[in-house]
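Colleague: I should like to go through this model with you and ask, term by term, on what grounds each description rests. Please set each value against its criterion before concluding.

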Amino acid sequence: MAPRQEMNKLPKGARTGFDEVALGYTWEQARAEAERCLQCRSPQCSKGCPVGVDIPAFLQAIVHGNIGRAYQILQDQNRLPAICGRVCPQETQCEGRCILAKKGEPVAVGALERYCADWARQHYNGTLNRADSGQAKAGQKAAVVGSGPAGLTAAADLAVAGLEVTLFEALHAAGGVLRYGIPEFRLPKDIVDYEIGQIRDLGVSIQPNYLIGKTLDIPDLFSQGYGAVFIGAGAGLPNFLGLEGENLNGVYSANEFLTRVNLMKAFRFPEYDTPIRVGKRVAVIGAGNVAMDAARTAVRLGASEVSIVYRRSRAEMPARLEEIVNAEEEGIRFQLLTNPLEVLGDENYQVQGLRCQRMQLGEPDGSGRRRPQPIPDSAFVLEVDTVVVAVGQGPNPILIRSNPNLQLDARGYIEVDPDTLMTNIPGVFAAGDIVTGAATVIAAMGEGRRAARSILEYLDCSS
Amino acid sequence: MNILRKEVLAQDIVRFAVAAPQVAAKAEPGHFVIVRHKEMGERIPLTIADFDAEAGTITLVCHGIGRSTREINELNEADAFLDVLGPLGEPYPVRHEGTVVCVSGGLGVAPMYPKAKALAAKGNKIIHLQGAQRKELLIMTQEMEAISEQSAYSTDDGSLGRRGFVTDLLREVLAGEDVDEVIAIGPLPMMAAAVDVAAEHGVSSVVSLNTLMVDGTGMCGGCRVTVDGQTKFCCVDGPAFDGSAVDFKEILKRQPFYRDMERKSLHRCRLEEVG
């Protein structure tokens with residue numbers, strides 16, 4: 001068996017700006033990698049894909065040199081292939097189930113997905129979208145709230161079925177976390193623009209600056225003739241740790257830090273008006289993908305020393321291995337088994353340091369991970385001038401507060417019927433982070449697709 | 001989002017009437033919007049200083065301080081905002097209180113006006129106190145006088161009304177009147193002082209905070225303030241809070257975080273103007 005093709009990456013020394021780090025495959029690499037697929041008789045890879053892409057078929061098309069066909073196969077199930085090829089955790093999904101994974105080198109499905117989508121973007125310029133046979137009656141309308149991965153997927157599926165779909169977005173640009181959360185060097189925004197444009201071309205009307213719950217409410221949508229409403233409003237208020245000093249100057253939530261840079265383009269200040277202030281030494285609390293994004297962003301904004309501070313050990317870090325490796329390559333330090341205790345500041349409320357203590361792993365806790373316990377007398381001060389808190393977020397508060405009838409679960413997320421994804425309000429469906437809590441782009445897409453199917457049934461226009 | 005009317009109220013202070021029917025239809029006193037005037041502009045939170053659901057218009061008052069706000073103030077009638085998002089924030093609960101003293105400082109009269117107007121319509125007696133650095137900066141006085149039973153002014157330089165602070169006027173009113181509530185909106189030190197004066201007289205107070213903000217929709221957490229010892233988010237929990245519970249010292253320290261960067265941006269902006 002030929003070895004797995006490694007994707008070319010921007011050399012470490014060249015990663016000073018916000019250019020994309022992963023460079024994708026050449027045609028030779030793509031063909032060689034696709035040829036590694038054994039075309040299993042009962043392929044497991046597709047079962048690991050939340051949107052059910054026919055992976056062996058698209059790999060086969062690449063082997064045959066028919067990239068257009070490969071892209072079509074991808075598009076049949078996944079409306080955002082260039083995005084997913086970049087940000088999906090393939091190692092726990094399709095690639096994790098690949099028969100070759102048993103020997104440690106699964107087929108690089110993600111890199112090949114990206115290859116096909118990038119090829120199509122450069123060569124086909126948007127002519128590949130299928131116009132499916134519409135089942136909807138003329139004038140049937142559906143409203144989609146939130147234009148992140150769940151909302152985009154639901155909107156596309158509903159539009160393909162022939163519904164008139166309006167996609168309401170609170171911010172000035174569509175994409176949700178793809179827009180404000182994931183940095184340019186991991187997901188270039190022209191790719192986000194392109195794939196959202198594809199969905200717009202399906203007939204989805206995208207309305208920015210509409211905050212549902214404020215500008216319009218759910219009952220307004222029904223009275224405007226929308227037969228069903230899909231809520232994919234995503235995550236909301238960032239979690240903080242409740243540490244002393246967390247409101248000092250120089251403490252950001254990861255949401256704010258990344259939104260300033262990604263949505264508002266603060267990395268191009270003063271060409272863009274929105275500023276961001278990053279000191280020389282930065283601590284990022286947390287070890288998920290968002291934490292890696294924040295740490296790598298801080299380096300690019302000129303910080304000379306950036307540390308990930310995480311209370312468990314490397315094995316428990318929730319970030320993808322690929323992102324951890326990228327962070328290490330870019331000089332991020334890992335303060336593992338380190339628990340932050342207090343943010344220290346000066347008389348001007350400016351961050352001066354992060355007091356931490358060292359931890360050791362004890363018995364497994366409720367999550368099955370070994371519980372970190374403090375090592376006595378191990379407190380020390382990490383000298384930093386900026387702290388980014390990347391420890392997750394709660395559900396978006398606005399839609400929930402303005403709809404007190406909406407039934408919530410014990411954690412405050414929207415409760416849905418597990419089969420139909422309908423909320424307790426008839427005709428209102430929900431999926432994505434506002435139901436599950438923080439998850440992945442592809443998980444939200446899979447649930448958005450399931451909700452769209454239910455909506456079609458609810459509106460009596462499923463095929 | 002077209003600008004229907006523009007009026008320069010004072011130096012660097014401009015009032016716009018903007019066509020925004022969706023926002024006007026849902027607007028209540030205390031709401032604000034976030035606007036952007038161009039692709040490279042900042043998201044700027046502006047209070048809804050008045051609204052007319054029937055006409056589909058909202059009134060915004062913008063103080064040109066940073067680069068984006070200065071450029072906004074150069075927009076003219078028939079120009080348009082690129083984005084207007086709202087109405088945002090929790091509306092101010094308009095109840096029958098009895099006698100309400102409205103203490104406005106500087107631009108604070110803009111968020112004050114819709115509250116005072118609604119309170120007056122509910123039958124409250126409005127006592128309007130307004131302060132500014134000098135006479136020319138006392139804006140929207142006619143609008144406030146039209147809904148108030150009593151009005152008094154102060155200026156730092158004595159160019160109109162009492163020379164001194166508006167809180168001096170508040171102290172006098174509270175000494176002589178039975179007051180049910182004080183609303184104080186203006187610069188942070190003024191609000192903090194007004195809250196203290198009200199508390200001295202055993203009167204509850206409400207303030208409206210104007211923190212740093214990015215999305216305004218409860219996502220970024222940049223607008224967090226400490227109220228009653230707990231972190232609150234100005235965009236979704238405010239902007240109005242019980243004055244006596246607000247940690248003003250913290251807000252005062254957080255407010256200037258980007259000031260030197262704003263200066264740098266403005267400097268660049270002027271260089272571009274020069275050519």
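Modeller: The model is a predicted one. Let me begin with a helix of chain A: the buried residues of α7(A) are P149(A), A150(A), G151(A), L152(A), T153(A), A154(A), A155(A), A156(A), D157(A), L158(A), A159(A) and V160(A).

Colleague: What makes α7(A) mostly covered?

Modeller: A residue is buried if 20 or more other C-beta atoms lie within 10 Å of its own. In α7(A), 12 of the 12 residues are buried, and the helix is accordingly described as mostly covered.

Colleague: Which elements do the buried residues of α7(A) pack against?

Modeller: They pack against three strands, β3 (141-145), β4 (164-168) and β6 (226-231), and against the helices α8 (177-180), α9 (189-201) and α16, in chain A throughout.

Colleague: How do you know that the length of α7(A) agrees with its number of residues?

Modeller: The expected span is 1.5 Å times one less than the number of residues. For the 12 residues of α7 (149-160) of chain A this gives 16 Å, and the end C-alpha atoms are 17 Å apart, so the two agree. Just beyond α7(A), G162(A) has a positive phi of about 100°.

Colleague: Why is Y458(A) called partly exposed?

Modeller: Partly exposed lies between the buried limit of 20 or more neighbours and the exposed limit of 12 or fewer. Y458(A) has 18 C-beta neighbours inside 10 Å, and therefore counts as partly exposed. The residue lies in helix α16 of chain A. Apart from neighbours within four places in sequence, Y458(A) is in contact with A228(A) and G427(A).

Colleague: What makes C116(A) and V284(A) stand out in the largest nonpolar core?

Modeller: Of the 233 residues in that core, C116(A) and V284(A) touch the most other members. Helix α16 (441-458) of chain A supplies the largest share of the core, nine residues. Setting aside neighbours within four places in sequence, C116(A) has contacts with F58(A), I62(A), I67(A), A70(A), Y71(A), L74(A) and P81(A).

Colleague: How do you know that β13(A) and β14(A) pair?

Modeller: Pairing requires at least two bridges between the strands. β13 (351-364) and β14 (370-374) of chain A have four bridges, in the antiparallel sense. L361(A), for example, stands opposite P372(A) in β14(A). The two strands form a hairpin with five residues between them, and G368(A) in the turn has a positive phi of about 85°.

Colleague: Turning to chain B, what makes α3(B) largely enclosed?

Modeller: Of its 13 residues, 10 are buried, so α3(B) is largely enclosed by the rest of the structure. Among the buried residues are V109(B), M112(B), Y113(B), K115(B) and L119(B). The span of α3 (109-121) of chain B also fits: 18 Å is expected for 13 residues, and the end C-alpha atoms are 18 Å apart, which agrees. G123(B), with a positive phi near 95°, follows α3(B).

Colleague: Why is I48(B) called buried?

Modeller: The limit is 20 or more neighbours. I48(B) has 29 C-beta neighbours inside 10 Å, and therefore counts as buried. I48(B) belongs to strand β4 of chain B. Beyond four places in sequence, the residues that I48(B) touches include A27(B), F32(B), I58(B), G86(B) and P114(B). F32(B) is 16 residues away along the chain, yet the two C-alpha atoms are separated by 4.9 Å.

Colleague: How do you know that the two domains of chain B touch?

Modeller: The assignment gives domain 1 (3-88) and domain 2 (99-255). Contact requires C-beta atoms within 7 Å, and 18 residues of domain 1 of chain B are in contact with 16 residues of domain 2 of chain B. On the domain 1 side, β4(B) gives the largest share, five residues. That side divides into 12 nonpolar, four polar and two charged residues. The C-alpha centres of the two domains lie 21 Å apart.

Colleague: What makes up the contact between chain A and chain B?

Modeller: The contact takes 38 residues from chain B and 32 residues from chain A. On the chain B side, β6(B) gives the most, with six residues. By class, that side has 14 nonpolar, 11 polar and 13 charged residues.

Technical notes:
Residues numbered from 1 in each chain as written. Chains lettered and ligands numbered in written order. Predicted model: local features only at pLDDT ≥ 70, side-chain atom pairs only at ≥ 80, totals over all residues. Nonpolar A, V, L, I, M, F, W, Y, C, P; charged D, E, K, R; others polar. Domains from an automatic or database assignment. Core = buried A, V, L, I, M, F, W, Y, C linked by C-beta atoms within 7 Å.
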